[in-house]
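Please find below a colleague's note on this structure, set out as numbered points. The comments deal with charged side-chain pairs and with one helix packing.

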Amino acid sequence: MLFLALIATLCGFYKFTNNLKRDITLFLKFFDEKVSKGIYEKLNMTMSFIEFQKLKVSINKAVNSIKYYKNEMIKRYYFSPVTNLPNRIKLMEDMKKTDKNALAIFNINKFREVNDYFSQEMGNLIIQEVAKRLKKLINNKIYHINIDEFAVLLDEYECFENCLYIKKIIKELEKPYIVNKNEINLFFRAGIGSKKEKDVFTVADIAVEYAKRKKVKCLCYCEIKDLAQSFEKNQKTLNILEKAMREDRIIPYFQPIVDNKTQKIVKYESLIRMIDENGKVYSPGEFLDVAKSVNIYKNLTLIVFEKTLNFFKERKEEVSLNLSLEDFEDDNIKEKIYKLIKNFPEPERITIELLENEDIASDSYILSYLQKLKDYGVKIFIDDFGSGYSNFSYLFKFQIDGLKIDGSLIKNILTDKKSQMIVQTIVEFAQKGNMVTVAEYVENREIFEFIKKLGVDYSQGYYFSAPKRLI
């Protein structure tokens, strides 16, 4: 009896240890073959012991949580939180795998202003509506790569065909959006890059920037002539520019503006120059485009304003400074310029020259800012008037003090009848509107005498002096 009891006890213990070993082996196998390899599946086998059964339930809960947070992390890493579309990181990965050979990037023009005006929450709703419309218009996978940018991979066709297709998409995208009972109008630019280039994303992004500058709806990288060849040159210029900024070698030169009646200097225009470490002087045409491409142009504007106004504080002449659309896009720069003018002893000696541009003429925020400057006595001129846009909406929306006639008209005025007619029309119009006129590129006495007869008020050009540093 004792022997049989011992045998039964040993058999029970053997079965117990086997079941215990089986359950532990199942747990170890589950962790080794599944969890450690990132496979988060439920442990479905029945355990022999109630304690292990409870442990299995707890492990499955933990696995579900890990699986959920893993998916959330992937979603946040690869998808836009605003539109739930794949983001830039996902695009970069997909481009390595796809057989699509072209990439189109859509940019919403001046979306930041829309965002500022309506609020960020409203801006997100607008972006969601853009994403919905894109999904209906495009069968290919769409990516939300920046708050105001979307991208789509395309088959490789001729530039003309791809641009024609993208322009049709933009036409639909620019139809009004109704969001919270507000009618929103958005404007788009697009750039297309090809895998024939080394970096399809970079070249598509460059094409977008050039589309903005040229004010066209769509532009292929292959259409940008000599861009690849000029890249290395631009990089060298950028290196010189950044070093010049660090070492305080961005300086203003000054060119006199002469009263045509008295031939006396009444004003100077401040013109930016860059000096390299060897003392070579660079004119704006050699580095400003590069500065704009890397978004440091506004910093140069501020440097010129600070140095010019500090220099003219102790002088009696008037001074002209230039502002472009890029300067108005940065609220911080605008505020700093406003403070510099406000602290200038005689703001009425300051003239702001604006590049003739339809975006400035139609922007109520810019016109409001300019009015604020005028309230301090600052004069506002339109620079390069007659250069292309030639819309008089500036003059009706805002009281301009003067027009600076574009140099291309003055250069040819002695021989070109059309230039003569345009300049004469500008002068007559300015006189009726109580505006003064300034002629640029007055290179010789013959031009000076001719424009003087036409009634131009002031002259600027090499006939009187090249731009130079003043003492």
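1. In this predicted model, Lys379 has a relative accessibility of 24% and therefore counts as partly exposed, since the buried class ends under 20% and the exposed class begins over 50%. Its salt-bridge partner is Glu318, with the closest N and O atoms 3.6 Å apart, and Glu318 is likewise partly exposed, at a relative accessible area of 23%. The pair joins distant parts of the chain, as Lys379 belongs to strand S13 (residues 379-385) and Glu318 to strand S11 (residues 318-323), 61 residues apart.

2. A further salt bridge pairs Glu174 with Lys217, where the closest N and O atoms are 2.6 Å apart. Glu174 sits in the loop between helix H6 (159-173) and strand S4 (177-179), while Lys217 sits in the loop between helix H7 (200-214) and strand S7 (218-220), so the pair ties together parts that are 43 residues apart in sequence. Are the two partners buried or exposed? Glu174, at 19% relative accessibility, counts as buried because the limit for that class is under 20%, whereas Lys217, with a relative accessible area of 29%, is partly exposed.

3. Within helix H5 (residues 120-137), Lys132 and Glu129 are three residues apart, about one turn of the helix, and their side chains meet in a salt bridge with an N to O distance of 3.3 Å. Glu129 counts as partly exposed, its relative accessibility being 28%.

4. Beyond these pairs, a network of salt bridges links Lys90, Asp94 and Lys141. The count of salt bridges in the model comes to 18. As general background, side chains of opposite charge can pair when their charged atoms come close.

5. Turning to helix packing, how do helix H12 (residues 331-342) and helix H14 (residues 364-374) lie with respect to each other? Their axes come within 11 Å and cross at roughly 15°, and because angles under 35 degrees count as roughly parallel, H12 is described as roughly parallel to H14. The crossing in which H12 passes H14 is right-handed.

6. The contact between these helices is made by Lys334, Ile337, Tyr338 and Ile341 on the H12 side, and by Tyr369, Lys372 and Leu373 on the H14 side. By residue class, the contact of H12 with H14 comprises five nonpolar residues, two charged residues and no polar ones, with Tyr counted as nonpolar in this grouping.

Notes. Residues are numbered from 1 along each chain as its sequence is written. This is a predicted model: local features need pLDDT of at least 70, side-chain atom pairs count only at pLDDT 80 or more; totals for chains, interfaces and linings use all residues. Side-chain values use heavy atoms; hydrogens and water are left out. Axes are lines fitted to C-alpha atoms, for helices over the stretch in contact, and angles run from 0 to 180 degrees between N-to-C directions. Helices (H or I, at least four residues) and strands (E, at least two) are DSSP runs, numbered from the N terminus. Angles under 35 degrees count as roughly parallel, over 145 as roughly antiparallel, 65 to 115 as roughly perpendicular and the rest as oblique. A crossing is left-handed if the near helix is turned anticlockwise from the far one by less than a right angle, and right-handed if clockwise. Contact means heavy atoms within 4.5 Å. A salt bridge is a side-chain nitrogen of Lys or Arg within 4 Å of a carboxyl oxygen of Asp or Glu. Buried means under 20% relative accessible area, exposed over 50%, partly exposed in between (1.4 Å probe, protein chains only).
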